[in-house]
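Q: Could you take a close look at one residue for me, and then set it in the context of the chain around it?

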Amino acid sequence: MSLIFGLDLATKSGIAIFDTEKPRSAVRVNTVELTGDSPEQKAEMLVSNLIRLFKRFGKPDFMLIEQPLRAIPAKGQANS
């Protein structure tokens with residue numbers, strides 16, 4: 001069995017939890033709004049939510065974190 005957590009981090013972050021012993025239709029998904037005035041406060045909120053999920057579902061064997069795009073060209077401009 002492998003427990004996999006997938007994270008899409010943003011102000012409203014998406015979290016998917018997949019247990020490889022269960023069918024794909026059993027994937028659990030959730031969103032968490034990371035509030036705070038600084039990146040540190042948002043990170044603290046993320047950590048507290050992950051700890052809560054670890055206690056509920058167990059520690060994951062793998063965690064996947066989506067990497068954000070750093071440079072998105074403005075509409076009508078070419079990507080260089």
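A: Here is a walk from one valine out to the whole chain.

This is a predicted model, in which local features need pLDDT of at least 70 and side-chain atom pairs count only at pLDDT 80 or more, while totals for chains, interfaces and linings use all residues. Residues are numbered from 1 along each chain as its sequence is written, and side-chain values use heavy atoms, with hydrogens and water left out.

So, V32: you'll find V32 in strand β3, residues 28-33 (strands are DSSP runs of E of at least two residues, helices runs of H or I of at least four, numbered from the N terminus). V32 has a relative accessible area of 8%, so it counts as buried (under 20%; exposed is over 50% and partly exposed lies in between, with a 1.4 Å probe and protein chains only). Skip the neighbours within four places in sequence, and V32 is in contact with T11, K12, S13, I15 and N49, contact being heavy atoms within 4.5 Å. As for L46, 14 residues along the chain from V32, the two C-alpha atoms sit 8.0 Å apart.

Zooming out, the protein chain has 1 helix and 4 strands, in the order β-β-β-α-β from the N terminus. Buried residues come to 19% of its 80 residues. Take the contacts between residues at least 6 apart in sequence, and 37% of them join residues at least 24 apart. The C-alpha trace of the protein chain spans about 45 × 30 × 20 Å along its principal axes.
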